[in-house]
Amino acid sequence: MDGRPTQIDTIPDATAKDIETLLVVLARGAHRVERVEMSFGAVWIKRYGTEPPIVWTRAQNVFARLLGQPFLRASPRLGREAMIEREVRRIAVFREHGVPVPRVLYQSQGAVVLSDAGETVNGRLARLRNDDPAAHDALLVTCAADLGALHAKGLCHGRPHPRDFFLSGNRIGFMDFEEEPEAAMPLPTAQARDVLLLFLQLVDRAAFGEETAGRAYAAWRAAAPAAAETELKAMLRFLGKFLWLTRLIGRVHMSSDLRRFLAATRYLSGALLPPRPADASKAGKDD
């Protein structure tokens with residue numbers, strides 16, 4: 001079914017009533033992402049054509065070129081049908097590498113129908129946060145470990161976030177493959193960006209703070225390519241030049257995104273980069 005499932009009446013286990021329901025929902029086009037209950041379980045409809053205007057993608061790429069930083073580039077902007085083809089193709093590649101992914105049940109010119117992958121990591125974390133903080137943070141570490149295993153296979157996700165991960169037994173599954181950063185930058189750079197994006201969520205959410213962040217980074221690093229870590233260090237050195245500005249902005253308005261960025265870059269920089277001379281001299285005085 002992951003080849004080119006373009007016939008809606010070939011969806012496994014779907015009854016005539018299921019097909020009728022799905023056709024009605026597809027024609028209605030009410031939401032970009034929509035869950036539909038079928039007789040055999042739920043499916044997800046994902047529609048395309050609502051991506052940011054191309055002018056923003058071009059502006060982002062100009063900005064990245066001016067700064068000489070490939071990790072700031074946007075994934076190539078494609079038309080609606082090409083976006084669908086990209087998502088279906090990337091799902092197939094991940095599946096070929098033994099990575100848990102949703103099944104593609106049907107694709108049209110404007111939408112794709114995916115199997116329900118089950119509970120998301122985001123949902124499980126929300127339940128564990130207060131009830132079992134240790135299990136909550138263990139799941140965050142598992143996310144980092146499985147992202148490292150993904151990178152070891154020569155893959156990258158593009159937008160790793162707990163809402164785009166799902167639980168598949170003792171493993172983490174991946175979904176939402178709209179991004180293809182390795183088409184806009186070298187693969188090690190795209191993988192390093194994956195790590196930074198994951199830690200934007202992980203450091204902020206961890207119940208046990210930097211202790212969990214340290215375990216998570218070690219779990220990622222255990223499997224990940226060395227080139228990705230090298231790129232991550234270069235990325236952090238560049239971002240470190242602007243931390244003073246983000247802190248200054250934070251004094252005026254500390255948004256949740258800015259808080260996550262500061263927490264993640266502070267932790268990763270401290271863990272991976274040697275202290276700056278000013279920091280080292282300050283540490284000496286403190287001792």
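1. A residue is called buried when its relative accessible area is under 20%, exposed when that value is over 50%, and partly exposed in between. With this in hand, Phe165 can be placed at once, because its relative accessibility is 0% and it therefore counts as buried. Please keep in mind while reading that this is a predicted model.

2. On the general make-up, the protein chain contains eleven helices and six strands, and 45% of its 287 residues count as buried. The chain exposes about 14500 Å², of which carbon and sulfur atoms supply 55%. Among the contacts in the chain with a separation of 6 or more, 65% are accounted for by residues 24 or more positions apart.

3. The interior deserves a careful look. In soluble globular proteins, nonpolar side chains tend to be buried together. Here, the largest nonpolar core has 61 residues, and those with the most contacts inside it are Val121, Ile172, Phe174, Phe199, Tyr217, Trp220 and Leu232. Apart from this core lies another, made of 14 residues, among them Ile11, Val43, Leu105 and Ala111.

4. Which residues does Trp220 touch, if those up to four places away in sequence are not counted? The list consists of Ala144, Ala145, Leu147, Gly148, His151, Val195, Ala228 and Glu229. I would suggest reading this list together with the previous point, where Trp220 appears among the residues with the most contacts inside the largest nonpolar core.

5. The aromatic rings come next, and the structure holds seven aromatic pairs. One of them is formed by Phe71 and Phe238, an edge-to-face pair with 6.0 Å from centre to centre and 75° between the planes. Phe71 lies in the loop between H2 and helix H3 (80-96), while Phe238 lies in helix H8 (residues 226-240), so the pair ties together parts that are 167 residues apart in sequence. Phe71 is buried, with a relative accessible area of 7%, and Phe238 is buried as well, with a value of 9%.

6. How are the rings of Phe165 and Phe174 arranged? Their centres are 5.1 Å apart and their planes stand at 70°, so this pair is edge-to-face; the reasoning rests on the cut-off that planes over 60 degrees apart count as edge-to-face. Phe174 counts as buried at 2% relative accessibility, and Phe165 does so at 0%. Ring pairs also link Phe94, Phe165, Phe174 and Phe177 into a cluster.

7. Turning to charged side chains, a search of the whole structure finds 17 salt bridges. Side chains of opposite charge can pair when their charged atoms come close. One such bridge joins Arg35 and Asp116, with 4.0 Å from N to O. This pair links distant parts of the chain, since Arg35 is in strand S1 (residues 33-38) and Asp116 is in the loop between strand S4 (111-115) and helix H4 (121-131), 81 residues apart. Arg35 is partly exposed, with a relative accessible area of 43%, and Asp116 is partly exposed at 31%.

8. A second example is the salt bridge between Asp204 and Arg259, whose closest N and O atoms are 2.9 Å apart. This pair, too, links distant parts of the chain, with Asp204 in helix H6 (residues 187-205) and Arg259 in helix H10 (residues 256-272), 55 residues apart. Asp204 counts as partly exposed at 27% relative accessibility, and Arg259 counts as partly exposed at 37%. Elsewhere, salt bridges that share partners join Arg32, Lys46, Glu87, Arg159, Asp164, Asp176 and Glu178 into one network.

9. Arg124 and Glu119 also form a salt bridge, in which the closest N and O atoms are 2.9 Å apart. Are these two residues buried, exposed or partly exposed? Arg124 counts as partly exposed, because its relative accessibility is 28%, and Glu119 is partly exposed with a relative accessible area of 29%.

10. Finally, the surface has a feature that a reader might overlook. Val62, Leu66 and Leu67 form a nonpolar patch there, with about 270 Å² of accessible area together. Leu67 has its place in helix H2 (residues 54-67), and Leu67 is partly exposed, because its relative accessible area is 33%, a value that lies between the cut-offs of 20% and 50%.

Technical notes
Residues are numbered from 1 along each chain as its sequence is written. This is a predicted model: local features need pLDDT of at least 70, side-chain atom pairs count only at pLDDT 80 or more; totals for chains, interfaces and linings use all residues. Side-chain values use heavy atoms; hydrogens and water are left out. Patches are made of residues with over 30% relative accessible area and no salt bridge: like charges are joined within 9 Å, nonpolar side chains (Val, Leu, Ile, Met, Phe, Trp, Tyr) within 5 Å. Accessible areas come from the Shrake-Rupley method with a 1.4 Å probe; for residues, only the protein chains shown count as cover. Helices (H or I, at least four residues) and strands (E, at least two) are DSSP runs, numbered from the N terminus. Buried means under 20% relative accessible area, exposed over 50%, partly exposed in between (1.4 Å probe, protein chains only). A nonpolar core is a set of buried Ala, Val, Leu, Ile, Met, Phe, Trp, Tyr and Cys residues joined through side-chain atoms within 4.5 Å. Contact means heavy atoms within 4.5 Å. Rings of Phe, Tyr and Trp (its six-membered ring) pair if their centres lie within 6.5 Å; planes under 30 degrees apart count as stacked, over 60 as edge-to-face and the rest as tilted.
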